[in-house]
Amino acid sequence: MTGNHSNGAVGVLRALTDSLTVRDSQGLLEAAISQAGESIVITTAELEPPGPQIVYVNEAFTRITGYTPDEIVGQTPRVLQGPDTEREVLDRLKADLNSHGWFEGETWNYRKDGSRYRVRWNIAPVGTPDNETRYLVAVQREVTELRRLEAERLHYHANFNLRTGLPNRKYTLQLLEDALDRAERSDLDLAVVAVEIRDFSTITQGMGEESGDALLDTLTFGLRNQLTGQPHFLGVAARGRIIAVLERLSEAEQHFTGLLHELLEGVNRELAIHRDQAPVASACAGAALFPKDGQEAGALLGQAEAAAANALATGTSSIRLADAQAGVRLREQLTLRADLQQAVDNAELYLAYQPQVDLGSGRIVGAEALLRWDHPERGPISPGVFIPILEASGLINRVGEWTLETAARQARAWLEQGNPMQVAVNLSARQVHAGDLVGSVSRILDETGVPQGALELEITETLLLDLDADTQAVFEELSAMGVQLALDDFGTGYSALAYLQALPLTTLKIDRAFVGGIGSSAKSEALVRGIVSLSRGLGMPVVAEGIETDAQRAFVQGLGCERGQGFGLGRPMRADQLTEILFGGGPLGVS
């Protein structure tokens, strides 16, 4: 502590050293020193062994230390020292007095009863008119309580979530370790429950951080209310997720499951009361039991969180108990995500091109660019596995732009080789709703020089669920730049004919599920007829996906479908393989 108090103490010491040389003020000075609120000690000035001797202490010193003047005068200040007295502070005291004649510092001292207290010292010499130092005057201030409060404040800031007042994740794990020791000694079960507000990040993005904070308060209140009478403590594991540790459990697991369901129902009732904060807020939970599901704090918390993630995936307000396999799956997913990040950084992803064939001539007239990843250890990873990871991690924008640019450059290369083709690229919702898609496409078209109509962007009906004025404007701008827009998987999503009128679509693609039913399902055949008829009425080309047999090809061709795509016409392949086929001329995969 070096603020105003220190400056004041130094001023007092200077006043004392000046005043002690004035004989006619001695009585007044002694009275002032005796009645001072801070402890004052006067010693001889010897710093070498045996050291200074105490010649005077005031009443405040006796009140703090318990030593009376008769007990302490004549002894050295070492009587106040003990095991925790910092040696380095004592060494600095001597060095500072020798070098510049005063000292300020803090250490542990000991009272007469053996209890320790924290003290801040200001020590200065008392000189004679001929500059001879005979005495040292020390003003000490007890700061034990002040330092305790400071330590508590530091501990709180380091270990507690300031918004909720609950232990943070790191400190929760420490508290959980202590609870596990108690449970093991008592031979009782313990439960770790991860309670999470569903779609918390989406709610805070849409309604603001204040609503998110209010929901956390409600969740905390609901948990405390439901756990009244049950030994427990709460902690924050992540934004929107609170951990409840339930101690001294001795009931069978089925009873414990009932307790958890009551807990979750109570929390959801509490959230329902505060619909003004978030109309759709609800909670789900995952739980792990000690010792059945693990015996270490980190492992148990991980199991509970994995179970909560499993509950979240159900799409309902539910609770799940720990499943060892769920933890394994979660670790595998995290490992795969890390591997995918590395693959993106090292440019290990590549494009395969599936030919689109003119059904009349059997010649290749276009290709769909498909993202592929060959894992160095696991081999090819399904796009259905790694693309959702790209979406969830936000990497899809970076990878999507690379895909667009790579596909456009390949279209330009085929054009220069005498094979003008339309190349289609799938768009994700994140690419449309985040980032500058129009700017990226414009740059790519300028840099690659592909002609109008050579680049086609495929969108799905599910992407159009959030169609608003801004999104519609994006598609209008892309269309104005000469980019073709195809509606992929038509008929499998939330089909709305309004999309066909509102958007500048140029192509409909019949989903493979309908084409695959040709020859075996009258309903599939009727749907295909309807889509082709609708497309022709709108003046849109239609592409039949998933053609695998001659019969399927003949059926859609007979309806007037001009282009087709599927394993029966050509599998996805690397660009150089497709280039070889293009230069070979002739039909692909059909007779």
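In this predicted model, Tyr156 makes a good starting point: its relative accessibility is 33%, so it counts as partly exposed, since that class lies between 20% and 50%. Its ring partner Phe160 has a relative accessible area of 19% and is therefore buried. The ring centres of Tyr156 and Phe160 are 4.9 Å apart and the planes meet at 10°, which means that the pair is stacked. Look for Tyr171 too, because ring pairs link Tyr156, Phe160 and Tyr171 into a cluster.

The model has 4 aromatic pairs. Another of them joins Tyr353 and Trp414, this time edge-to-face, with 5.3 Å from centre to centre and 75° between the planes. Tyr353 belongs to strand 11 (residues 350–358) and Trp414 to helix 14, so their pairing ties together parts that are 61 residues apart in sequence. Are these two residues buried or exposed? Tyr353 is buried, at a relative accessible area of 2%, and Trp414 is buried as well, at 0%.

From here you can step into the largest nonpolar core, which has 71 residues. Tyr353 is one of the members that touch the most others, along with Leu390, Leu457, Leu478, Val556 and Leu578. Helix 14 (residues 396–416) gives the most to this core, with 7 residues. To see how the packing looks around one member, centre your view on Leu578: leaving aside residues up to four places away in sequence, Leu578 touches Tyr353, Pro355, Ile364, Ala367, Trp414, Met421 and Met573. Apart from the largest core lies another, of 28 residues, including Val193, Phe200, Val236 and Ile319. In soluble globular proteins, nonpolar side chains tend to be buried together.

Next, turn to a sheet. Here 5 strands form an open sheet in the order 2-1-5-4-3, with antiparallel pairing. Strand 2 (54–57) and strand 3 (103–110) are the edge strands, each pairing on one side only. On average, neighbouring strands are turned by 30° against each other, direction ignored. Strand 1 (residues 39–44) pairs with strand 2 over 3 bridges, and Ile42 has Tyr56 in strand 2 as its bridge partner. Helix 5 (residues 87–100) lies across strand 3, strand 4 (116–127) and strand 5 (133–142), running at about 145° to strand 3.

Finally, two arginines are worth finding. Arg116 lies over the face of Trp108, 3.7 Å from the ring centre. Elsewhere in the chain, the charged end of Arg571 sits over the ring of Phe567, at 4.0 Å from its centre.

Methods: Residues are numbered from 1 along each chain as its sequence is written. This is a predicted model: local features need pLDDT of at least 70, side-chain atom pairs count only at pLDDT 80 or more; totals for chains, interfaces and linings use all residues. Side-chain values use heavy atoms; hydrogens and water are left out. A nonpolar core is a set of buried Ala, Val, Leu, Ile, Met, Phe, Trp, Tyr and Cys residues joined through side-chain atoms within 4.5 Å. Buried means under 20% relative accessible area, exposed over 50%, partly exposed in between (1.4 Å probe, protein chains only). Helices (H or I, at least four residues) and strands (E, at least two) are DSSP runs, numbered from the N terminus. Contact means heavy atoms within 4.5 Å. Rings of Phe, Tyr and Trp (its six-membered ring) pair if their centres lie within 6.5 Å; planes under 30 degrees apart count as stacked, over 60 as edge-to-face and the rest as tilted. A charge sits over a ring if NZ of Lys or CZ of Arg is within 6 Å of the ring centre and within 35 degrees of the ring normal. Two strands pair if DSSP finds at least two bridges between them. Axes are lines fitted to C-alpha atoms, for helices over the stretch in contact, and angles run from 0 to 180 degrees between N-to-C directions.
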